[in-house]
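The report below concerns a single protein chain and its computed geometry. Please consult the sequence and the model while reading.

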Amino acid sequence: VEKLLGEHYVTALVAKQIKDYREAYNYTYSGMLGTLTYWYEIKKAPVDKSNGGIGIIPYIYEEAKQYYERLGANVLLLDAGDFSQGHTLVSYSKGLSAVEFMNAAGYDAVSLGNHELDYGYENMVHLVEAAKFAVLDANILSKETGKPMFDSNELFEFDDMKVGVFGLDTPETQTKASPLNVKEITFLDNEELYACAKNQVEALKAVGCDYIICIGHLGVDEE
């Protein structure tokens, strides 16, 4: 089966796990593999119900990641932001349950989105401190110092390659979030954003990266 399905085998494998879990524990699931947001209802399951039954979800992500690693692939689990919204549990914890989920799933790096500031600047800092993965945003600067608030990039080394990852957040955050929530920070946009991205690519090339990935929480507007 694995040979016939090729890269789709992992999707079938995960789908079967969900099906078996649902049938065994009356678990109702709706969602798409590869996204952070799930809608689900727990009626009877041997997991910690205090977190809404979310215990099964990190396992699914981890299994998918480990499957490709067993095939010899170099795997990075990344997210481009807005993980602080999308489910009542996540909103209730102001994004913290999402970070705990991502820690358990083994995420390697993320960029922030505009929704990470929905609950205030201090809460965003708390989420970053709780993360056991790299939080990367090269274009979010402190208004006080003019320097990046977070790490700009991260280098991941595998046996046969180096992968550089850098993050960018949408400058629209300055208008989409409450003014009170962004009063401590500013965002590079337009030509400054382009120059920032270019500088990141050049810096990662300079340290010998074979591949460079931008985790960009960016839209389609000119900025």
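The sections that follow treat the overall content, one sheet, two buried residues, one helix, a cavity and some backbone angles.

## Overall content

The structure is a predicted model. Its chain contains eight helices and ten strands. Of its 223 residues, 43% count as buried. Among contacts in the chain with a separation of 6 or more, 69% are made by residues 24 or more positions apart.

## The three-stranded sheet

An open sheet is built from three strands in the order β7-β8-β10, and its pairing is mixed. The edges are formed by β7 (153-157) and β10 (211-217), each of which pairs on one side only. From one strand to the next, the twist averages 20°. Helix α8 (residues 190-206) packs on this sheet and touches β7, β8 and β10. The direction of α8 makes about 165° with that of β8.

The two pairings can be described in turn. β7 and β8 run antiparallel and are joined by five bridges; they form a hairpin with four residues between them. Strand β8 (residues 162-169) and β10 run parallel, with seven bridges joining them. Phe 166 illustrates both pairings: in β10 its bridge partner is Cys 214, while Asn 153 stands opposite Phe 166 in β8. As a general matter, strands of a sheet pair through backbone hydrogen bonds, either parallel or antiparallel.

## Two buried residues: Thr 170 and Ile 140

Thr 170 is placed in the loop between β8 and α7 (173-176). Is this loop residue, Thr 170, buried or exposed? Thr 170 counts as buried because its relative accessibility is 5%, and the cut-off for burial is under 20%. Apart from neighbours within four places in sequence, Thr 170 is in contact with Asn 114, Phe 187, His 217 and Leu 218.

Ile 140 belongs to strand β6 (residues 140-142). With a relative accessibility of 1%, Ile 140 also counts as buried. Which residues are in contact with Ile 140, leaving aside its neighbours within four places in sequence? They are Leu 112, Lys 147, Pro 148, Met 149, Phe 150, Asp 169, Ile 185, Thr 186 and Phe 187. Leu 112 lies 28 residues from Ile 140 along the chain, and the C-alpha atoms of the two are separated by 9.5 Å. Phe 187 appears in the contacts of Ile 140 and in those of Thr 170.

## Helix α5

Helix α5 (96-105) is mostly covered, with seven of its ten residues buried. The buried positions are Ser 97, Ala 98, Val 99, Phe 101, Met 102, Asn 103 and Ala 105. In general, an α-helix has 3.6 residues a turn, so residues three or four places apart point the same way. After α5 comes Gly 106, which has a positive phi near 85°.

## The second largest cavity

How many cavities of 30 Å³ or more are counted? The count comes to two. The second largest has a volume of about 40 Å³.

The lining of this second largest cavity consists of Phe 83, Val 99, Leu 112, Glu 116, Met 124, Leu 127, Val 128, Ala 131, Phe 133 and Val 135. By class, nine of the lining residues are nonpolar, none is polar and one is charged. Helix α6 (residues 121-130) supplies the largest share of the lining, three residues. Two of the lining residues, Val 99 and Leu 112, also occur in earlier sections: Val 99 is one of the buried residues of α5, and Leu 112 is in contact with Ile 140.

## Positive phi outside glycine

Asp 82 is not a glycine, yet its phi is positive, about 70°. Asp 82 is located in the loop between β3 (78-79) and α4 (88-92). Its relative accessible area is 22%, so Asp 82 is partly exposed.

Lys 94 is likewise a residue other than glycine with a positive phi, near 55°. Its place is the loop between α4 and α5. Lys 94 is partly exposed, because its relative accessible area is 43%, and the partly exposed class lies between the limits of under 20% for buried and over 50% for exposed.

Terms used:
Residues are numbered from 1 along each chain as its sequence is written. This is a predicted model: local features need pLDDT of at least 70, side-chain atom pairs count only at pLDDT 80 or more; totals for chains, interfaces and linings use all residues. Side-chain values use heavy atoms; hydrogens and water are left out. On a 1 Å grid over the protein atoms alone, a cavity is a set of points where a 1.4 Å probe fits but cannot get out, and a pocket is an open set with protein on both sides within 12 Å along at least five of seven lines; lining residues have an atom within 4 Å of a point. Grid points are joined across faces, edges and corners, and a volume is the space filled by probe spheres set on the points. Ala, Val, Leu, Ile, Met, Phe, Trp, Tyr, Cys and Pro count as nonpolar, Asp, Glu, Lys and Arg as charged, and the others, Gly among them, as polar. Two strands pair if DSSP finds at least two bridges between them. Axes are lines fitted to C-alpha atoms, for helices over the stretch in contact, and angles run from 0 to 180 degrees between N-to-C directions. Contact means heavy atoms within 4.5 Å. Buried means under 20% relative accessible area, exposed over 50%, partly exposed in between (1.4 Å probe, protein chains only).
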